[in-house]
Amino acid sequence: MARQLSPVGLEFIESAPLRLVFAREVSASPEAVYRALADEVTDWPRWFTAVTLCRPTDGGKGREVHLKGGTRFQESILVAEGPERYAYRIDESNAPGLRALVEEWRLTPAGPGTRVQWTFAVDGTAVFRGTLKLGRSGLGRAFRDAVTALDRRLAAAEA
């Protein structure tokens, strides 16, 4: 059953009870990475294997996301500042114990490529936060695998 989450804003990225931050450099340009994140949302399942569905809602102001295992999200885009920053809030989810979640993608030039930083700012029950802390390495691996797959995809598109 889906539940409404707290309607937090961008400040939550810094104030969340639990913040997980992951970063990786890729060869693609910030513009190409940003386009894949913010404009080509329906392609997320092609490079982020945990995502089974991602589609824009509300005329592009939101997204519907489904993950492997059945977790679902309704999201609101909080900021879309290409090619540097893309952030969204989870408004509704069926994830038990989740109270608030904002994800932020920061893109900065790194030589000829891009440094991709993903911040996962979350609040939930103590059990939920503890589970996320224990699962940090798995979430980090999912991020690294996804960004690596995205970089390969973008390189193939340029070739």
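1. In this predicted model, the side chain of aspartate 91 makes a polar contact with the side chain of serine 76, at 2.4 Å. Aspartate 91 has its place in strand β6, which covers residues 85–93, and because its relative accessibility is 18%, against a cut-off of under 20%, the residue counts as buried. When the neighbours within four places in sequence are left aside, the residues in contact with aspartate 91 are Arg3, Gln4, Leu5, Gln74, Glu75 and Ser76; serine 76 is thus listed among these contacts as well as being the partner in the polar contact.

2. The structure holds 13 aromatic pairs. One of them joins phenylalanine 22 and tryptophan 118, whose ring centres are 5.8 Å apart and whose planes stand at 35°, so that the pair is classed as tilted. This pair links distant parts of the chain, since phenylalanine 22 belongs to strand β2 (residues 18–26) and tryptophan 118 to strand β8 (residues 113–124), with the two positions 96 residues apart in sequence numbering. Phenylalanine 22 counts as buried at 8% relative accessibility, and tryptophan 118 likewise counts as buried, at 3%.

3. Tryptophan 118 also pairs with phenylalanine 120: the ring centres lie 5.5 Å apart and the planes are at 70°, which is over 60 degrees, so this pair is edge-to-face. Both tryptophan 118 and phenylalanine 120 are buried.

4. Which residues form one aromatic cluster with Trp118? The cluster consists of Phe22, Trp44, Trp47, Phe48, Trp105, Trp118, Phe120 and Phe143, and it therefore takes in the members of the tilted pair and of the edge-to-face pair described above.

5. Arginine 63 deserves a separate remark. Its charged end sits over the ring of tryptophan 44, at 4.4 Å from the ring centre, and tryptophan 44 is itself a member of the aromatic cluster. The charged end of arginine 63 also sits over the ring of tyrosine 88, where the distance to the ring centre is 4.2 Å.

6. A last point concerns threonine 148, which lies in helix α5 (residues 136–158). With a relative accessible area of 22%, threonine 148 is partly exposed, because this value falls between the limits of 20% for buried and 50% for exposed. Threonine 148 and valine 26 are 122 residues apart in sequence, yet their C-alpha atoms are 7.2 Å apart in space.

Definitions and conventions
Residues are numbered from 1 along each chain as its sequence is written. This is a predicted model: local features need pLDDT of at least 70, side-chain atom pairs count only at pLDDT 80 or more; totals for chains, interfaces and linings use all residues. Side-chain values use heavy atoms; hydrogens and water are left out. Rings of Phe, Tyr and Trp (its six-membered ring) pair if their centres lie within 6.5 Å; planes under 30 degrees apart count as stacked, over 60 as edge-to-face and the rest as tilted. Helices (H or I, at least four residues) and strands (E, at least two) are DSSP runs, numbered from the N terminus. Buried means under 20% relative accessible area, exposed over 50%, partly exposed in between (1.4 Å probe, protein chains only). A charge sits over a ring if NZ of Lys or CZ of Arg is within 6 Å of the ring centre and within 35 degrees of the ring normal. A polar contact is a pair of N or O atoms within 3.5 Å; within protein, one must be able to donate a hydrogen and the other to accept it, and residues adjacent in sequence count only if both atoms are side-chain atoms. Contact means heavy atoms within 4.5 Å.
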